[in-house]
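Notebook open, viewer open. I'm jotting down what I looked up, in the order I looked.

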Amino acid sequence: MVYPEKIEKGATIGLVSPSSPITSEREEQCVKAIEDLGFRVKKAPNITASKGGYMAGEESLRGEVLNTMFADKDVDAIFCIRGGDGANRIIDFIDLDIVRNNKKPFVGYSDISSLHLLFNQKCDMVTFHGPMVSSNIVDHFTPEVEEAFFAAINADREYVYKAPEGYELKVARDGKAEGVMTGGNLTVICASLGTPYEMDTDGKILFIEEVGEHVGNLDRHVYQLRNAGKLDNVKGIVLGQFAGCNVDVPGYDMTRIMLDAIGDKNIPVFYNVQSGHDNPMINLPLGAMTCIDTEKKELKFLTGR
């Protein structure tokens, strides 16, 4: 996997909406937020467009926007405005040769997980499961989150996850492991099964997060992964945020479900990692070589730089 180039103040950030749109007022706030961080902005033309009320324009347009942003030598990084719905529709319209030949930081989460899988697995490129502009940067970009955001992108040799104050990194099963990190939003990665970009978990560290699901749906998705063999050869598991996920019995939550699903498999499991649909939202490099050490309580990513 290739870790993309660093970005410095003054760089040009391409703002894109591969999934759902935002309002014109919010678009202005997003541009200002990035400019206030010291960057120039190049906006995609579809940020406020609407198809069906939940997608930022036609899939052909959304795919071509990504092709253009990756091909544009003046664009140094690509930040997604928000998630939402419909990113899986644009996969057929993305020119993977353009992406492979123009690797650059690509940041997003939620529905963007389908694009992380695509770029990680088909383009050999590290991407970033991190704060999005409208969803996080405009209103929730605290100094702690900002520091982690740029530390992940600009790390020299390694990037070590630093638990935000008050959010201890917790251990569900002890152990050490190394492997490339894959995953993202639980619903979206399950939707990849049976497609050409189906998530490959063999020898990898699996990261999962989710929002607004009942415990029964979490269970259903995890056991879909299990029954599809996606837990057979994982080296370790990292559980992120599960914001607004309802449980009926205290303690019978995502961590318990995952431990049930892996049975007696001797692999480390971290949970309470603050990356997902909540704040603080910490940046994680998907596709990067990842080292888990539960004794040290260390989650480390190697850049290869």
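Which residues does Glu 59 touch, leaving out those up to four places away in sequence? I get Lys 51, Arg 89, Ile 90 and Phe 93. Note to self: this is a predicted model.

**Entry 1, Glu 59.** I placed Glu 59 in helix 2, which covers residues 59-71. Then I checked its cover: the relative accessible area is 15%, and the cut-off for buried is under 20%, so Glu 59 counts as buried. Of its neighbours, I looked harder at Arg 89, whose side chain makes a polar contact of 3.4 Å with the side chain of Glu 59.

**Entry 2, Lys 297.** Next I went to the loop between strand 13 (289-293) and strand 14 (298-302), where Lys 297 sits. Is Lys 297 buried, exposed or partly exposed? Its relative accessibility is 38%, and partly exposed lies between 20% and 50%, so Lys 297 goes down as partly exposed. Leaving out residues up to four places away in sequence, I listed Glu 168, Leu 169, Val 171 and Phe 270 as the residues that Lys 297 touches. With Glu 168 there is a side-chain polar contact of 2.5 Å. I also took the C-alpha separation between Lys 297 and Leu 169: it is 6.9 Å, for two residues 128 apart along the chain.

**Entry 3, helix 5.** I then picked helix 5, residues 133-140, and noted Val 133, Ser 134, Asn 136 and Ile 137 as buried. What do the buried residues of helix 5 pack against? I found strand 1 (12-16), helix 1 (24-36) and strand 3 (77-80). A reminder on spacing: an α-helix has 3.6 residues a turn, so residues three or four places apart point the same way.

**Entry 4, the whole chain.** Zooming out, I counted nine helices and 14 strands in the protein. The radius of gyration is 18 Å and the globule rule gives 19 Å for 305 residues, so the protein is as compact as a globular protein of that length. Along the principal axes, the C-alpha atoms fill a box of roughly 50 × 40 × 35 Å. Buried residues make up 56% of the 305. For contacts between residues at least 6 apart in sequence, I read that 80% join residues at least 24 apart.

**Entry 5, surface and charge.** The exposed area comes to about 12400 Å², with carbon and sulfur atoms supplying 44% of it. Last, I looked up the charges: 32 positive and 45 negative, with their mean positions 3 Å apart.

Key
Residues numbered from 1 in each chain as written. Predicted model: local features only at pLDDT ≥ 70, side-chain atom pairs only at ≥ 80, totals over all residues. Heavy atoms only, no water. Helix = DSSP H or I, 4+ residues; strand = E, 2+ residues; numbered from the N terminus. Rg over C-alpha atoms; globule rule 2.2 N^0.38 Å. Buried < 20%, exposed > 50% of the residue type's maximum accessible area, 1.4 Å probe, protein only. Contact = heavy atoms within 4.5 Å. Areas by Shrake-Rupley, 256 points an atom, 1.4 Å probe, with all protein chains shown as cover. Lys, Arg positive; Asp, Glu negative; His and termini not counted. Charge placed at Lys NZ, Arg CZ, Asp CG, Glu CD. Polar contact = N/O pair within 3.5 Å; in protein donor to acceptor, adjacent residues only side chain to side chain.
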